[in-house]
Amino acid sequence: MLQPGLKRRLTRVFVAAAAVAALGASSAFAAPAVIAEPSATTIPGVDEIVHSPNLRSIANVPQQGPFTKDSTGTDIAFTKGHAIIGTYDGFNVFDVRNPYRPKIVSQVLCPGGQNDVSISGDLLFLSTDSSRSDNSCNSVAKPASEKSAWEGIKIFDISNLAAPKYVAAVETDCGSHTNTLVPDKRGQDVYIYVSSYAPAANLPDCQPPHDKISIVKVPVKDPAKASLVATPVLFADGGNAGGDNPDGTRRSATTGCHDLTALPEKDLMAGACMGDGVLIDISDRLKPRVINRVQDNVNFAFWHSATFNNDATKVVFTDELGGGGMATCLEKFGSTRGANGIYEITGRGDNRKLEFRSYYKIPRLQSETENCVAHNGSLIPVPGKDIMVQSWYQGGVSVWDFTDSKKPKEIAYWERGPLSNEKLVGGGTWSAYWYNGHIFSSDIVKGLDVLDLNDWRTFPAKLVRQNQFNAQTQYKLHPGFN
């Protein structure tokens, strides 16, 4: 079990001594009916796949067992060569040590969306942002207006990945939409920073104002004693008041945070908090302190997630215009709506600031029936470069380079055609992350996709191996990846 501690990375990184396995192996899993040639102007047909020459599918594992095609796939975390993928009904554990032959190791039925996941050693943390009758995996839906309803963090022991065990649960105000793992500095505890939002006067456990986050302390050696230890306020002034953007779309008010990404080695955190982007000092783990806040009241509608570059000199913030349910990759929205905002971190100490440099949005138009907007992604570990892989729902997977902050460019893509040509049907890739030489994508409807990127610009990343990986807990890859 990997214990958290001072300057110790949860994601032990080392260079593989062996050469990368030869390309070209075939997959034994479901293949699309049609493979189309790459095209940036033509909308592919239903379930048709288009891709750049340097990015291809090598495996797909559809939802199965207790999880049907209606069981929405969500976020991914990785441990010991395994991918753990949340669904609104629980989570799947896949053995991905052979990325061409992913295997389901176990499935845990535990309803309570979104069921976003993070991992520390042998512990799995599961976010519940859906009001339930109790904190068990046998709970049923219950109105949040009832005081007895439960939402929060569930904890599992995954020392045996074939048989995860439920350990404990901690209730948090407004539930847990997402969670971010931050180790303490003594190696004895791990902290779970809980993001939640959308308070209302009729919700007894989610009262306005909700300008805070929740912090759950988990003793590594006795996780059953996990407890809520702090609820720091990040927006004493209430944050962004919200309003209408120039094109008439609605800009969200700040009533909490959607996602937090930590860089523990630097004592930094970036917060995507609905109407605000924030840079946070977490040197005191229980007293996070906002260093700088930025707003974009012209183009951003909902600050959704954040990713640092390797040198902690930049932050990519995503704008989830339409909440993931709209077709925003259309000509009428242009290249700056539902996009990424690239910010550079300037200055030192408490004088650090987030300074806007440019937007990035996939350059391919999608159809009116495809939900498409910037969503979850991660860095591809290439020395001296800032390259990211990212999900865009039905816009597919995009690999893009933002080494030049003012001129980001796409270098690879892969996407399916719409689920329907007649009406908008929600689907597409929720999260796309780089892990041990390949891209793993959690598709809302289609299950697990594994993609192989064969590009000279990212080849060094093929040699990086990580034991554990949580996209929202980043660790700097040092020169030489030592």
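Trainee: Strands here are DSSP runs of E with at least two residues, numbered from the N terminus; going by that, where is E422 found?

Mentor: E422 is found in the loop between β29, which covers 409–416, and β30. Keep in mind that we are looking at a predicted model.

Trainee: Is E422 buried or exposed?

Mentor: E422 has a relative accessible area of 71%, and because the cut-off for exposed is over 50%, E422 counts as exposed. If you want a sense of its place in the fold, its C-alpha lies 46 Å from that of S159, a residue 263 positions away in sequence.

Trainee: And β30 itself, how many of its residues are buried?

Mentor: Seven of the seven residues in β30, residues 429–435, are buried, so this strand is largely enclosed by the rest of the structure.

Trainee: Which strand does β30 pair with over six bridges, and in what sense?

Mentor: The partner is β31, residues 438–443, and the two strands run in the antiparallel sense. To anchor the register, you can take W434, whose bridge partner in β31 is I439. The two strands form a hairpin with two residues between them, and in that turn N436 has a positive phi of about 50°.

Trainee: OK, another hairpin: what do β22 and β23 look like as a pair?

Mentor: They also pair in the antiparallel sense, in this case over five bridges, with β22 at residues 303–308 and β23 at residues 314–319. One of the bridges can be located through S305, whose partner in β23 is T318. As for burial, six of the six residues of β22 are buried, so β22 is largely enclosed by the rest of the structure.

Trainee: How many residues sit between those strands, and which one has a positive phi?

Mentor: Five residues separate β22 and β23, and A312 is the one with a positive phi, near 55°. Note that A312 takes this value although it is not a glycine.

Trainee: Is A312 buried or exposed, given that it is in the loop between β22 and β23?

Mentor: A312 is buried, because its relative accessible area is 12% and the cut-off for buried is under 20%.

Trainee: Where would I find A198, and what is its phi?

Mentor: A198 lies in the loop between β13 and β14, and its phi is near 65°, again a positive value in a residue other than glycine. With a relative accessibility of 42%, A198 counts as partly exposed.

Trainee: Switching to omega, which residues are joined by cis peptide bonds?

Mentor: Two cases to look at are the bond between P208 and P209, with omega about -5°, and the bond between G113 and Q114, with omega about 5°. P209 lies in the loop between β13, at 189–195, and β14, at 214–219, whereas Q114 is found in strand β8, residues 114–120.

Trainee: What about K332, where does it sit and how accessible is it?

Mentor: K332 is found in the loop between β23 and β24, the latter covering 340–346, and at 65% relative accessibility it counts as exposed. Its C-alpha is 9.6 Å from that of D247, although K332 and D247 are 85 residues apart in sequence.

Trainee: And G65, which loop is that in?

Mentor: G65 lies in the loop between β3, at 55–61, and β4, at 73–79, and G65 is exposed, with a relative accessible area of 61%. The C-alpha atoms of G65 and N92 are 10.0 Å apart, with 27 residues separating the two in sequence.

Trainee: Zooming out, how many helices and strands are there in the protein?

Mentor: There are zero helices and 34 strands.

Trainee: How does the radius of gyration fit with a compact globule?

Mentor: For 482 residues a compact globule would have a radius of gyration near 23 Å, and the protein has 21 Å, which agrees. Along the principal axes, the C-alpha atoms fill a box of roughly 55 × 55 × 45 Å.

Trainee: What share of the residues is buried, and what share of the contacts is long in sequence?

Mentor: Buried residues make up 61% of the 482. Of the contacts with a separation of 6 or more, 61% are between residues 24 or more positions apart.

Trainee: Last one: what can you say about the surface and the charges?

Mentor: The accessible surface is about 17900 Å², with 51% of it belonging to carbon and sulfur atoms. There are 48 positive and 50 negative charges, and their mean positions lie 7 Å apart.

Note on methods:
Residues numbered from 1 in each chain as written. Predicted model: local features only at pLDDT ≥ 70, side-chain atom pairs only at ≥ 80, totals over all residues. Heavy atoms only, no water. Helix = DSSP H or I, 4+ residues; strand = E, 2+ residues; numbered from the N terminus. Rg over C-alpha atoms; globule rule 2.2 N^0.38 Å. Buried < 20%, exposed > 50% of the residue type's maximum accessible area, 1.4 Å probe, protein only. Contact = heavy atoms within 4.5 Å. Areas by Shrake-Rupley, 256 points an atom, 1.4 Å probe, with all protein chains shown as cover. Lys, Arg positive; Asp, Glu negative; His and termini not counted. Charge placed at Lys NZ, Arg CZ, Asp CG, Glu CD. Pairing = 2+ DSSP bridges.
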